[in-house]
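Biologist: Could you take a close look at the interior of this protein for me, and then describe, step by step, what is built around it?

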Amino acid sequence: MNHGDAGYQIMNERKICLMVCLAALAQGCGDPSARLSSNKTPALPLSEQTLKEAVTFQIPDAEKVWGIGIVGNLPGTGSKVCAPQVRSQLRRMMSSSHTEGINLDAFILSPNTAVVYVEGKIQGSAIKSDVFDIQVMAYDDSGACNLTGGWLYRTDLALSKMPGSSMLQTVATAEGAVFMPPEKGSASPNHIGMVLGGGRVVAETATHLILNEPGFKEASLIRNLINNRFGFDTAQATSPAQVDVRVPVQYHAQRWRFWAVIEALPMTDSDKALTERLEGLTQKLVNRDSLDETELALEAMGQAAVPLLGPHLLHTDPAVQLAAARCLINLGFSPALSTLGQMAANAQSPFRVQAMHALKPMIRLPEVQQFVARLLSDPDFEFVMDVYESLCMADGAGVERETVAGAFTLDVIPQNRTQAVIATRSGGAHLALFGGPIQLKPGQLIEFPHKKLTLNSKADNQFVWISRRTSPLEKTVAPVKCLPQLRDIIRVLCEKPGLGNSPGGLGLSYSELLALIGQLSDQGMIPARLWAGPLPELP
């Protein structure tokens, strides 16, 4: 995917170089844990000295997290298998998850629950509210336990893998509907499933800046340099040789850019040197000299760069316009929105994708959300899918959004002419209906024997009747009537069954729904193609 972010590209290249260096050390005779130090180079002029020359970045590696939890809401397909040591650990973890008072033993013995091992992976430099995919695996692997349709109750996740330890630090939580990939064959184990985007970080991890020349004074200077630019408590000097940095809120959506800007911070507080640097960088921007690095270096200068960058929003070179606009947006200069918007809306612009991505930090602004809604009507459907994934999926900006059965979000984008169904299968459960309304073909009787479902649009072209038999021994549930629009059909299929006289829904899981929509699409029963995203890469 084209990230459209110079910071991501530059920092990713440097991270790869750092990893190569670490691997070389590990294979040699030196201590692989030793700090990397750069070769001595001639001193740069004061106006060109940056933080990059003073520190080495240590971005934490991705780390596995684990926990023990309970999957409930199973239709009699659970298991009471739970070893004594697992039950003891589960009792402690459930207590820390605010579920005190539950009769744990009775809960485990229920045929509608199963004790599961929960595992996921937190990316390096994680921030609070980051979400990630979870794998759940029932302790009963005999084949009798089936997690299909289950719900993972809130579970605390820790870094430690010491089952006997009572000192487990919670770094994340996990909760949500269990997802079973539709393409799983009958031979695939049904005691293993996923919770898409079910993990949530609760404890942030810092990136370490290792000083090339340690000292209390030097560490304090670097801490103050960062905090003066990005706000108090962004950086903390934890030792004479190390400063820990956390990503500030304004860069949560583009953290790789933040690290690139950090690298470019000037190491001088001399007014003369700073003025020389600012003027020199502005000239490099106009000359398109190392444009990506120049853009980030100007952003590192902070508000002092705004007066010099503003006029270049009208520059005749669109590459200079884009660089100035991205930089100014991150400095809080709202007039740059107009420049980015014009580029993103212009199908002939070579920078429309980069300009669209640059809107992400401002996505919560009403005027930006309204503009995004207009972008979603673009005739280039590949571009529209990029807009949806980059700007809409996380928060529902520019779309009609609802949550179905607490298990997944349903987004409707009626303004596009292309009819399609987009489904995610990692990072969260999101279903998007493009072009609208998508309607079931009239005059049909569609049966899904595996799911014991029948969709009947024969009796009445104005409505669809949906019925489901829950088991061979039970009678067919009274049909539920709904409109033939796919949106309404999805609600009936997936909402929880009603209580008393309320019909409610039929309780299909997200994975069962995707299989059904795929069949409707393949058989030409709906005028839309299903695009299912890749499955998550789990530990």
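Modeller: Contact, or touching, means here that heavy atoms lie within 4.5 Å. What you see is a predicted model, in which local features need pLDDT of at least 70 and side-chain atom pairs count only at pLDDT 80 or more, while totals for chains, interfaces and linings use all residues. Residues are numbered from 1 along each chain as its sequence is written, and side-chain values use heavy atoms, with hydrogens and water left out.

A good place to begin is Ile226, which, when residues up to four places away in sequence are not counted, touches Leu51, Leu209, Gly231, Thr234, Ala235, Val245, Ile262 and Leu265. Ile226 belongs to the largest nonpolar core, a set of 77 residues in which Ile226, Ile262, Val387 and Tyr388 touch the most other members. Such a core is made of buried Ala, Val, Leu, Ile, Met, Phe, Trp, Tyr and Cys residues joined through side-chain atoms within 4.5 Å, and buried means under 20% relative accessible area, against over 50% for exposed and in between for partly exposed, with a 1.4 Å probe and protein chains only. The element that gives the most to this core is helix 9, at residues 318-330, which supplies nine residues; helices (H or I, at least four residues) and strands (E, at least two) are DSSP runs numbered from the N terminus. Apart from the largest core there is another one, of 41 residues, and among its members are Phe408, Ile438, Ile466 and Ile490.

Ile490 leads us to helix 14, where it is one of the buried residues, together with Leu486, Asp488, Ile489, Val492, Leu493 and Cys494. Because seven of the nine residues of helix 14, which spans 486-494, are buried, this helix is largely enclosed by the rest of the structure. Helix 14 lies across strand 11, strand 12, strand 13 and strand 14, and it runs at about 170° to strand 12, where angles run from 0 to 180 degrees between N-to-C directions of lines fitted to C-alpha atoms, for helices over the stretch in contact. Helix 13 also lies across strand 11, strand 12, strand 13 (420-423) and strand 14, and its direction makes about 145° with strand 14.

The strands beneath this description belong to an open sheet of five, arranged in the order 11-12-14-13-19 with mixed pairing; two strands pair if DSSP finds at least two bridges between them. Its edges are formed by strand 11 (400-404) and strand 19 (529-532), each of which pairs on one side only, and from one strand to the next the twist averages 20°. Within the sheet, strand 12 (residues 408-413) and strand 14 (residues 430-434) are joined by five bridges in the parallel sense, and Leu410 stands opposite Leu431 of strand 14.

Ile466, also named in the core of 41 residues, directs attention to a further sheet, for strand 17 covers residues 464-468. This open sheet has four strands in the order 15-16-17-18, with antiparallel pairing, and its edge strands, strand 15 (445-448) and strand 18 (480-482), each pair on one side only. Neighbouring strands here are turned by 20° against each other on average, direction ignored. Helix 15, at residues 510-522, packs on this sheet and touches strand 15, strand 16 and strand 17, while its direction makes about 135° with that of strand 15. Strand 15 runs antiparallel to strand 16 (residues 453-456) and is joined to it by four bridges, with Ile446 standing opposite Leu455 in strand 16.

It remains to look at two loops that adjoin helix 12. Leu359 has its place in the loop between helix 11 (352-357) and helix 12, and it is buried, with a relative accessible area of 2%. Not counting residues up to four places away in sequence, Leu359 touches Leu337, Leu340, Val368, Phe371 and Leu391; the C-alpha atoms of Leu359 and Leu391 are separated by 7.9 Å, although these residues are 32 residues apart along the chain. The other loop, between helix 12 (366-375) and helix 13 (381-392), holds Asp378, which is buried as well, its relative accessible area being 12%. Once its neighbours within four places in sequence are left aside, Asp378 is in contact with Arg352, Phe383, Val384 and Asn416.
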